[in-house]
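Thanks for making time this morning. I would like to walk through one model with you, taking it piece by piece, so please have the picture open while I talk.

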Amino acid sequence: MAELKTVARPYAKAVFEVAREQGHITEWADMLSILAAVTVEPKLKKALKNSAFSAEEKANALADVCAEIATEQGKAFLLTLAVNKRLALLPMICELFLQFKLNFEKAVNVEFTSAFELTAEQTQALAASLAKKLDRTVNLTSEIDASLLGGVVIRTGDLIIDGSVRGKLAKLAEAINS
């Protein structure tokens, strides 16, 4: 996975820079999201690996999928990927592009898991606290996991804050055993 990310990063960065310079970040994000979703579909994935189709045919087929939002530069990007046999990287390119977009917008996606559903006020307070701590706009997604027993686990990128009862019990057990 790290290898795919390494190969995809220059493409994602180049596309992001073009999109940023032209003020079309959202349009590129939409197009890449559609392409990423389509290229993981098994039948299309198989067709993209088929050497019977030329790079141009593969690029044109993908451009047709998002014809309403595909620009000439988008089509040229797809052709570049096809010629270099990198169409399979579209999901990773999309993921990296969206990370660049969030960073540019000074935003962050935060997932939090709690043992029970939080009220709207608690969720807003958590979002405000995280926004202040991270100095970014916070996009929260929540999940319920009763096995936490209580508290919350917060995940964003590499940062994990485990404030759950289950996590604290695990740390206590580790301390006792060592």
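**Salt bridges, helices and a surface patch**

Searching the whole structure, which I should say at once is a predicted model, turns up 4 salt bridges. I will go through three pairs, and then use them as a way into the helices and strands around them.

Let me begin with helix α5, where Glu72 and Lys75 both sit, 3 residues apart, or about one turn of the helix. Their side chains meet in a salt bridge with an N to O distance of 3.7 Å. The two partners are covered to differing degrees, since Glu72 has a relative accessible area of 61% and is therefore exposed, while Lys75, with 34%, is partly exposed.

Moving along the chain from α5, we come to the loop between α5 (72-83) and α6, and this loop holds Lys85. The backbone there deserves a glance, because most residues other than glycine have a negative phi. Lys85, which is not a glycine, nevertheless has a positive phi, near 55°. Its relative accessibility is 71%, so Lys85 counts as exposed.

Next comes helix α6, which runs over residues 90-104, and its 15 residues reach 20 Å from the first C-alpha to the last, close to the 21 Å expected at 1.5 Å a residue. Which of its residues are buried? They are Leu90, Met92, Ile93, Cys94, Leu96, Phe97, Lys101 and Leu102. The entry that may catch a biochemist's eye is Lys101, which counts as buried because its relative accessibility is 18%, and buried here means under 20%. Lys101 also forms a salt bridge with Glu105, with the closest N and O atoms 3.2 Å apart. Glu105, for its part, is partly exposed at 39% relative accessibility.

Just after α6 we meet Lys106, whose phi is again positive, at about 55°. Lys106 is the partner of Asp135 in another salt bridge, where the closest N and O atoms are 3.6 Å apart. Lys106 lies in the loop between α6 and β1, and Asp135 in the loop between α7 and β2, so this pair ties together parts that are 29 residues apart in sequence. As for accessibility, Lys106 is partly exposed, with a relative accessible area of 42%, whereas Asp135 is exposed, with 52%. Asp135 likewise has a positive phi of about 55° although it is not a glycine, and it comes after helix α7.

That brings us to α7 itself, covering residues 120-134, which has 15 residues and a reach of 21 Å from first C-alpha to last, close to the expected 21 Å at 1.5 Å a residue. Its buried residues are Leu126, Ala127 and Leu130. Why do these fall on the same side of α7? Because they cover an arc of only 100° around the axis. On the other side of the helix, Glu121, Gln124 and Lys132 are exposed. The buried residues pack against three strands, namely β1 (107-114), β2 (137-144) and β3.

Ala127 gives a closer view of that packing. It is buried, with a relative accessible area of 19%, and, if we leave out residues up to four places away in sequence, it touches Val138 and Leu140. Ala127 and Leu140 are 13 residues apart in sequence, and their C-alpha atoms are 6.9 Å apart in space.

From the strands, I would pick out Thr156, which lies in β3, residues 152-156. Is Thr156 buried or exposed? With a relative accessibility of 10%, it counts as buried. Setting aside its neighbours within four places in sequence, Thr156 is in contact with Val108, Asn109, Val110 and Leu134.

Finally, let us turn to the surface, where Leu149, Val165, Leu169, Leu172 and Ile176 form a nonpolar patch with about 490 Å² of accessible area together. One member of this patch, Val165, has its place in helix α8, residues 165-177, and it is partly exposed, with a relative accessible area of 36%.

To close, I would ask you to keep in mind the pair formed by Lys106 and Asp135, which is a salt bridge, and the buried residues of α7, which pack against β1, β2 and β3. I am happy to take questions.

Conventions: Residues are numbered from 1 along each chain as its sequence is written. This is a predicted model: local features need pLDDT of at least 70, side-chain atom pairs count only at pLDDT 80 or more; totals for chains, interfaces and linings use all residues. Side-chain values use heavy atoms; hydrogens and water are left out. Helices (H or I, at least four residues) and strands (E, at least two) are DSSP runs, numbered from the N terminus. Buried means under 20% relative accessible area, exposed over 50%, partly exposed in between (1.4 Å probe, protein chains only). Contact means heavy atoms within 4.5 Å. Patches are made of residues with over 30% relative accessible area and no salt bridge: like charges are joined within 9 Å, nonpolar side chains (Val, Leu, Ile, Met, Phe, Trp, Tyr) within 5 Å. Accessible areas come from the Shrake-Rupley method with a 1.4 Å probe; for residues, only the protein chains shown count as cover. The expected span of a helix is 1.5 Å times one less than its number of residues. The arc is that of the directions from the helix axis to the C-beta atoms.
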